[in-house]
Amino acid sequence: MEFETQSGVRYFYDNEIGIAYPSHPFLEKMIRNDSLQEKDLSAVPADENFLFYSRFLQKLKRIRPKKGRPKRHPLLQEEIKEMVLRDGLQQVTLSITEDCNLRCRYCVYSDVYTLSRKRSKEMMDFETARKALDWYVSLFMEGREYNPVRSPAICFYGGEPLLNFDLIKKCVQYVKTTWPDMDFTFSMTTNGTLLNKEKEDFLKEHHFNISISIDGPKEDHDRNRVYPDGSGTHTDVMKNVRRMVADGYVSCRSLCVFDYKCDMSRLDAFFRQPEIPRLSNLTNPSLQNGSLFYNRYSDEDIRNFYDSEEKAFLSYLENPVLNPDKESCYEHLYSIFSGKLIYQPPIMVTPENRIVPYSGACILGKKFFVDAHGN
């Protein structure tokens with residue numbers, strides 16, 4: 001594939017090996033198999049570009065997959081395990097409860113997602129958590145032969161994980177006393193309503209990275225993030241968040257879900273406030289798992305949203321205020337993701353990886369998820 005940048009530089013992109021490289025008149029002729037003109041041939045001996053690109057194409061030919069090579073082959077258990085030990089094991093996520101104190105209207109475990117599991121009162125017990133941690137660490141230590149600089153990471157998830165706070169404390173104590181020489185990273189995703197001072201102090205002491213669900217200003221947040229009685233949670237969440245920020249808790253981030261009734265300019269203004277934790281993810285409710293969530297929006301709601309989104313985009317184009325310390329919503333929607341698309345394409349140029357060569361597929365075993373039942 002050929003493409004040209006705004007500055008006029010032409011490139012070729014080779015999708016078989018995941019490499020982009022600058023174009024050149026000689027290179028274009030070679031790739032297209034056009035005959036070189038007589039004037040080109042007479043210039044060849046003195047033209048270093050011709051020799052360079054001839055050799056360059058020969059090198060590309062060596063690393064390009066052979067046409068007759070089968071794209072699939074039987075995988076051995078030893079191959080898969082070696083890849084996991086080398087490239088995976090980056091985190092184990094413990095779903096320590098399937099219960100929640102909220103009834104968020106877009107929750108994937110609610111009735112509006114017909115194909116997903118539903119909420120339950122199931123709580124992970126310590127014996128299940130211990131077995132999961134023992135298993136993860138045993139693989140992690142075996143993988144040190146392949147990846148000696150990797151650090152173990154444990155994430156606590158739910159449901160609302162703070163409903164099982166005692167288990168979090170037991171797990172932290174267990175790994176720190178059982179493997180005192182290992183530097184564990186702890187993280188948690190929470191709705192923020194149960195973050196009292198006692199819990200905050202424990203999480204801060206053990207350097208937890210916390211992701212807090214905040215859907216913007218009160219009007220937007222309380223439309224979907226509600227208690228079982230239907231009342232909004234924004235006031236309670238922000239009381240806890242503001243206290244944590246005032247206490248100097250820097251390792252917390254915001255997770256925002258926006259719907260068709262959000263005004264993007266209002267959302268952006270909210271997350272620019274200094275007392276709001278830095279935004280780490282901005283997304284809309286899932287369309288998967290038989291979603292019925294979007295049935296509640298009218299055609300007018302959808303039109304108004306896209307008008308709002310278009311204005312936000314034009315505003316960002318005219319005033320692309322980039323802040324390295326705190327991104328706005330616009331930077332998440334338009335700058336960060338487009339930058340990743342251009343500069344960090346999901347291409348794995350790892351020819352030694354026989355399981356998912358040259359693809360954007362997730363690495364098998366990159367992370368492990370253990371549900372409340374121990375699966």
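Two strands count as paired here if DSSP finds at least two bridges between them. Keep that in mind while walking through this predicted model, starting with a pair of residues: Y13 has A20, in β3, as its bridge partner. That match belongs to the pairing of strand β2 (residues 10–14) with β3, which is antiparallel and runs over four bridges.

Now zoom out a little. β2 and β3 sit in an open sheet of three strands, ordered β1-β2-β3, and the pairing is antiparallel. The edges are β1 (2–4) and β3 (19–22), each of which pairs on one side only. Going from one strand to the next, the twist averages 30°. There's a helix to look at here too: α1, residues 25–32, lies across β1, β2 and β3. Its direction makes an angle of about 35° with β2.

Next, move along the chain to β4. Here's something to ask of it: how many of its five residues are buried? The answer is five of five, so to speak a strand that is mostly covered, with buried meaning under 20% relative accessible area. Look at the two faces separately and you'll find Q91, T93 and S95 buried on one side, with V92 and L94 buried on the other. Both faces of β4, then, are covered.

What does β4 pair with? One partner is β10, which runs parallel to β4 and is joined to it by four bridges. Within that pairing, Q91 has K367 of β10 as its bridge partner. Another is β5, again parallel and again joined to β4 by four bridges. There, V92 stands opposite I154 in β5. As a general point, strands of a sheet pair through backbone hydrogen bonds, either parallel or antiparallel.

These strands turn up once more at the largest pocket, which holds about 920 Å³ of space. Its lining is made up of 39 residues, and the closest to the pocket centre are V108, Y157, T189, S213 and L255. Which elements give two or more residues to that lining? They are β4 (91–95), β5 (153–157), β6 (185–190), β8 (252–257), β9 (279–283) and β10 (367–370). So β4, along with its partners β5 and β10, is on that list. As for chemistry, the lining divides into 17 nonpolar residues, 13 polar ones and nine charged ones.

Note on methods
Residues are numbered from 1 along each chain as its sequence is written. This is a predicted model: local features need pLDDT of at least 70, side-chain atom pairs count only at pLDDT 80 or more; totals for chains, interfaces and linings use all residues. Side-chain values use heavy atoms; hydrogens and water are left out. On a 1 Å grid over the protein atoms alone, a cavity is a set of points where a 1.4 Å probe fits but cannot get out, and a pocket is an open set with protein on both sides within 12 Å along at least five of seven lines; lining residues have an atom within 4 Å of a point. Grid points are joined across faces, edges and corners, and a volume is the space filled by probe spheres set on the points. Ala, Val, Leu, Ile, Met, Phe, Trp, Tyr, Cys and Pro count as nonpolar, Asp, Glu, Lys and Arg as charged, and the others, Gly among them, as polar. Axes are lines fitted to C-alpha atoms, for helices over the stretch in contact, and angles run from 0 to 180 degrees between N-to-C directions. Contact means heavy atoms within 4.5 Å. Buried means under 20% relative accessible area, exposed over 50%, partly exposed in between (1.4 Å probe, protein chains only).
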